[in-house]
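Biologist: Before I take labels like "buried" or "salt bridge" at face value, I'd like to see where they come from. Can we go through them one at a time?

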Amino acid sequence: MRCSGLLIGLSFGVILLGTAILSDVGEVMPLQGRRKMKDAEPIEYTGKKYRKCVAAVVFNQDGLVLVGERVKVEGSWQLPQGGVDAAETLEEAAARELYEEMGIKTGKDENQVECLGTVSPPCEAGCYNVTSGWLKDAGYAGQHLSFVSFFSPHSLTPVLTGLNGEPQEFTQTKWMEFPSLAKSVWGPKQPAYEFASSAILPKFLMRLKK
């Protein structure tokens with residue numbers, strides 16, 4: 001899949017930037033019973049292959065986002081994220097990752113979140129490179145990071161043990177301002193986070209005021 005254009009679809013206001021648009025999103029459910037699936041078709045950019053990846057952006061009523069501190073990397077905070085399987089949409093993958101890494105499902109009950117929409121940055125912002133590790137071994141130059149937004153008016157109680165057979169990803173969670181997170185996340189991810197913050201946050205804050 002060649003990288004072209006920008007996808008943005010938000011249930012609190014649809015935006016068209018670039019060559020394509022993603023329709024509004026309703027409730028999505030993560031696939032249960034984790035299995036090793038084939039990766040989604042990679043993104044091709046500058047002659048390299050990037051694994052399709054998605055992050056879950058969970059907002060509270062104060063406009064803050066839920067982040068986790070990575071296991072064995074003290075002080076490194078980020079959004080729940082992971083690779084997209086071939087059988088998944090971006091929204092399904094984000095819901096699954098949110099469930100596996102923080103034990104939070106989509107829905108309207110307590111400790112559940114509503115899916116709002118998706119932002120997929122252009123490749124110059126969304127692609128980040130890695131220099132070693134399993135991604136390199138699998139033939140990827142890095143990952144292309146998209147973002148799916150969620151919201152809950154309720155207090156959330158994350159479960160960080162790792163679900164669906166996945167290992168624990170985070171040691172603790174907190175709420176954080178999206179722009180501050182974008183500036184402090186691991187360097188290669190900063191352009192994607194900054195793009196998502198500028199695209200999503202203003203529309204979400206407008207939604208809160210209604």
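What follows is a back-and-forth about why certain labels apply in this structure.

Modeller: One thing up front: this is a predicted model. The chain has 5 helices and 11 strands, and buried residues make up 50% of its 210 residues.

Biologist: Let's start with charges. What makes Arg51 and Asp39 a salt bridge?

Modeller: The cut-off is 4 Å between a side-chain nitrogen of Lys or Arg and a carboxyl oxygen of Asp or Glu. The closest N and O atoms of Arg51 and Asp39 are 3.6 Å apart, so the pair falls within 4 Å and gets the name. Arg51 sits in strand β3 and Asp39 in the loop between β1 and β2, 12 residues apart.

Biologist: Why is Arg51 called buried, and why is Asp39 called partly exposed?

Modeller: Buried means under 20% relative accessible area, and exposed means over 50%. Arg51 has 13%, so the residue counts as buried. Asp39 has 24%, which lies in between, so "partly exposed" is the term.

Biologist: How do you know that Arg96 and Asp85 make a salt bridge?

Modeller: Their N to O distance is 3.9 Å, and the limit is 4 Å, so the pair qualifies. Arg96 belongs to helix α1 (residues 90-102), while Asp85 is in the loop between β6 and α1, 11 residues away in the chain. Arg96 and Asp85 are both buried.

Biologist: And what makes Glu114 and Arg207 a link between distant parts?

Modeller: Glu114 lies in strand β8 and Arg207 in helix α5, so the salt bridge ties together parts that are 93 residues apart in sequence. Salt bridges that share partners also join Asp85, Glu88, Arg96, Glu97 and Glu100 into one network. As for the Glu114 pair, its N to O distance is 3.7 Å, so it meets the 4 Å limit too. Glu114 has 28% relative accessibility, so it is partly exposed; Arg207 has 25%, so the same label fits.

Biologist: How many salt bridges does a search of the whole structure find?

Modeller: It finds 6.

Biologist: On to the rings. How many aromatic pairs does the structure hold?

Modeller: There are 6. One of them is Phe59 with Phe178, which is edge-to-face.

Biologist: Why is the Phe59 and Phe178 pair called edge-to-face?

Modeller: Ring centres must lie within 6.5 Å to pair, and planes over 60 degrees apart count as edge-to-face. Here the centres are 6.4 Å apart and the planes make 65°, so both tests are passed. Phe59 is in strand β3 and Phe178 in helix α4, with their positions 119 residues apart in the sequence. Phe59 has 0% relative accessibility, so it is under the 20% limit and buried. Phe178 also comes out at 0%, so it is buried too.

Biologist: What makes Phe147 and Tyr193 edge-to-face?

Modeller: Their centres are 5.5 Å apart with 90° between the planes, so they satisfy the 6.5 Å and 60 degree cut-offs. Phe147 comes from strand β10 and Tyr193 from helix α5, 46 residues apart. Phe147 is buried at 0%, and Tyr193 is buried at 0% as well.

Biologist: Which residues form one aromatic cluster?

Modeller: Phe59, Phe151, Phe178 and Phe204 do.

Biologist: Why do you say the charged end of Lys174 sits over the ring of Trp77?

Modeller: The charged end is 4.3 Å from the ring centre. The label asks for NZ of Lys within 6 Å of the centre and within 35 degrees of the ring normal, so the distance part is met; the pair is listed as sitting over the ring.

Biologist: Last one, helix α1. What makes you call it mostly covered?

Modeller: Of its 13 residues, 12 are buried. Among them are Leu90, Ala94, Tyr99 and Met102, along with charged residues including Glu91 and Arg96. The helix reaches 18 Å from its first C-alpha to its last, close to the 18 Å expected. Gly103 follows α1, with a positive phi near 70°.

Notes:
Residues numbered from 1 in each chain as written. Predicted model: local features only at pLDDT ≥ 70, side-chain atom pairs only at ≥ 80, totals over all residues. Heavy atoms only, no water. Helix = DSSP H or I, 4+ residues; strand = E, 2+ residues; numbered from the N terminus. Buried < 20%, exposed > 50% of the residue type's maximum accessible area, 1.4 Å probe, protein only. Phe/Tyr/Trp six-rings, centres within 6.5 Å; stacked < 30°, edge-to-face > 60°. Expected span 1.5 Å × (residues − 1).
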